[in-house]
Amino acid sequence: MAAAWAARGWLALLAFTAAVLFVAALRKPCRRGFGAERAFQLWLLPPLVLLASQLPHVAAASAALPPLVYTITSAAGAVAPQASVANGFNWRVGAMLLWLAGGAAVFALAALAQRAYRRRLRGATPMADARSRRPVLRATRADVGPALVGAWRSRIVLPADFAERYDTTEQALILAHEDAHAQRGDGWGCLFAHAFAALFWCHPLSWWALAALRHDQELACDAAVLRRHGAQRRSYANAMLKTQSAAFALPVGCAWSPRHPLTERIAMLKSPVPNRQRRYAGIVAIGLLMVALAGSVYAATAPIASTQAATGAAAEYQLDMTVDFSSDNEHQRHAETQALALCSAPGEVAKVRMPGGSVDATITSADSGHVRIDMIVSGPDGAMLEHTQLLGAPGKAMHVVGTGADGKRGFAIDFTPRVGCPARVIAEASPIKVTEHVKNGVARAVAESVAAKAGWTLVNPDALGHAAVTLSFNDVPAGTAMQQLANLAGMKPVFEGKQVRFEPK
């Protein structure tokens with residue numbers, strides 16, 4: 001999960017950054033050309049572009065090669081019990097936990113601020129004579145309100161001295177302003193904006209975007225009120241000047257705040273309201289911009305999300321695996337090990353069967369050039385020991401370890417995914433298949449035996465050393481056998497016609 005988060009997270013950051021920069025560049029020109037209401041709609045770009053960056057891409061179907069499992073080596077014997085070795089710290093897990101902790105902290109602080117604001121509404125009384133479609137409360141304090149509080153079942157809150165501070169016309173305009181917030185769903189807009197701030201809490205642009213969105217939200221609400229009460233601009237400006245800035249934060253809701261500069265809002269009152277044609281033109285222009293930008297982001301992520309479809313390399317994958325099954329019986333640990341190269345088409349289940357258990361592996365392509373591996377490990381009786389899904393990059397080693405429910409059977413699997421099937425290529429270096437069963441033999445002698453059967457000449461057999469090995473090749477292609485013999489010695493074979501030379505890895 002941490003690897004998936006890391007693979008997709010940077011795409012989300014890039015998409016969010018690009019969208020916010022677009023909005024920052026266009027919000028003021030759009031406000032002048034199409035009005036504040038249309039400029040506020042530009043804030044739909046960040047969530048839309050973010051969604052486009054995370055959409056999956058459908059890869060084109062390709063002809064699959066038949067599944068192939070090459071058993072390389074096997075060994076069995078009684079060995080002393082060994083302590084498990086813990087995996088090293090994964091930086092992706094640490095980064096994911098830090099991100100989750102930061103997001104949770106932002107949510108918690110917003111919830112505390114919302115709760116503190118609602119506490120100041122204790123004792124507020126309903127105003128039955130208020131002309132509003134929403135419930136209207138009169139606060140017990142003069143420094144609370146006017147505001148729209150909440151998203152679901154939102155309420156309008158007015159200060160305690162509302163009737164004394166404003167005249168009749170100003171009262172009607174303030175109620176119209178808060179009603180406009182409610183009708184436009186601005187409480188929900190604030191909620192989602194804070195959710196995005198929590199999601200991208202470590203991104204500096206997210207906090208600027210939150211403040212800018214709240215500012216554009218007030219300007220858009222002012223513009224909506226002026227379309228209905230344009231003849232009362234002076235009274236509307238007087239109501240703004242008489243209203244105190246909120247001293248308390250209101251994350252989910254709309255309150256008069258120092259973040260909404262009165263000078264700019266009053267200056268906007270002098271500007272003519274855009275006519276219907278300009279507003280409709282703004283809808284079309286912003287809609288086209290959203291489609292173009294979201295489509296561009298989706299197209300830009302296609303080579304990353306479906307690299308294998310573009311390169312044609314997704315026809316086959318290989319897992320280089322070392323499988324170890326063990327069981328404890330009367331203070332003795334019996335271990336069985338096989339090293340094998342497992343090749344299969346994407347999405348096709350490849351099976352490994354051993355006396356000590358079995359492994360079913362399904363490998364598919366994932367985003368950002370990664371591969372996803374679904375692995376089921378079963379015991380000799382068919383009981384499932386482990387079912388796990390892993391995400392990794394081709395060429396990077398991974399490790400799975402576990403025990404059965406009875407604690408007596410264990411397994412350890414080391415594997416490395418690869419694009420294509422190098423084992424098939426090496427196996428085809430010679431059509432001859434070899435069978436070798438060696439116990440406490442010498443790697444060099446086994447290599448010379450394989451080379452003799454395949455008709456090869458070993459250039460530097462001494463490079464394999466003289467360490468004792470126990471292995472079994474059962475009807476394995478000569479090239480595969482030679483490769484695994486070299487692996488045991490930390491070498492790699494180089495095939496040059498009929499000659500085989502060993503080089504360090």
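This passage walks through the predicted model, from its overall make-up to its helices, sheets and one hairpin. Residue numbers start from 1 along each chain as its sequence is written. Since the model is predicted, local features need pLDDT of at least 70 and side-chain atom pairs count only at pLDDT 80 or more, whereas totals for chains, interfaces and linings use all residues; side-chain values use heavy atoms, with hydrogens and water left out.

Start with the overall picture. The protein has 15 helices and 19 strands, taken as DSSP runs numbered from the N terminus (H or I of at least four residues for helices, E of at least two for strands). Of its 505 residues, 45% count as buried, meaning under 20% relative accessible area, with exposed being over 50% and partly exposed in between (1.4 Å probe, protein chains only). The accessible surface comes to about 24,900 Å² (Shrake-Rupley method, 1.4 Å probe, with only the protein chains shown counting as cover for residues), and carbon and sulfur atoms hold 60% of that surface. Among contacts (heavy atoms within 4.5 Å) with a separation of 6 or more, 64% are between residues 24 or more positions apart.

On to the helices. Ala-19 sits in helix H1 (residues 2–34) and is buried, at a relative accessible area of 0%. Leaving out residues up to four places away in sequence, Ala-19 touches Leu-45, Pro-46 and Val-49. The C-alpha atoms of Ala-19 and Val-49 are 6.6 Å apart, with the two positions 30 residues apart along the chain. Helix H8 (residues 204–228) is largely enclosed by the rest of the structure, because 18 of its 25 residues are buried. Its end C-alpha atoms are 38 Å apart, which agrees with the 36 Å that H8 should span (1.5 Å times one less than the number of residues).

His-177 belongs to helix H6 (residues 168–183) and is buried, at a relative accessible area of 1%. Its side chain makes a polar contact of 2.8 Å with that of Tyr-236; such a contact is a pair of N or O atoms within 3.5 Å, where within protein one must be able to donate a hydrogen and the other to accept it, and residues adjacent in sequence count only if both atoms are side-chain atoms. Beyond four places in sequence, the contacts of His-177 include Glu-218, Cys-221, Trp-256 and Arg-265.

Now the sheets, where two strands pair if DSSP finds at least two bridges between them. One open sheet has five strands in the order S2-S3-S5-S4-S6, with mixed pairing. Strand S2 (125–126) and strand S6 (253–255) are its edges, each pairing on one side only. H6 packs on this sheet, touching strand S3 (136–138), S4, S5 and S6, and its direction makes about 150 degrees with that of S5 (axes are lines fitted to C-alpha atoms, for helices over the stretch in contact, and angles run from 0 to 180 degrees between N-to-C directions).

Another open sheet has four strands in the order S9-S10-S11-S12, paired antiparallel. Strand S9 (349–354) and strand S12 (384–392) each have a single partner strand, so one side of each is left without a neighbour in the sheet.

Last comes the hairpin. Strand S13 (residues 398–403) and strand S14 (residues 409–419) pair antiparallel over six bridges. Along S13, Met-398, Val-400 and Gly-402 point to one face and are buried, while His-399, Val-401 and Thr-403 point to the other and are not. Thr-403 has Gly-410 as its bridge partner in S14. Five residues lie between the strands, and Gly-407 in this hairpin takes a positive phi near 75 degrees.
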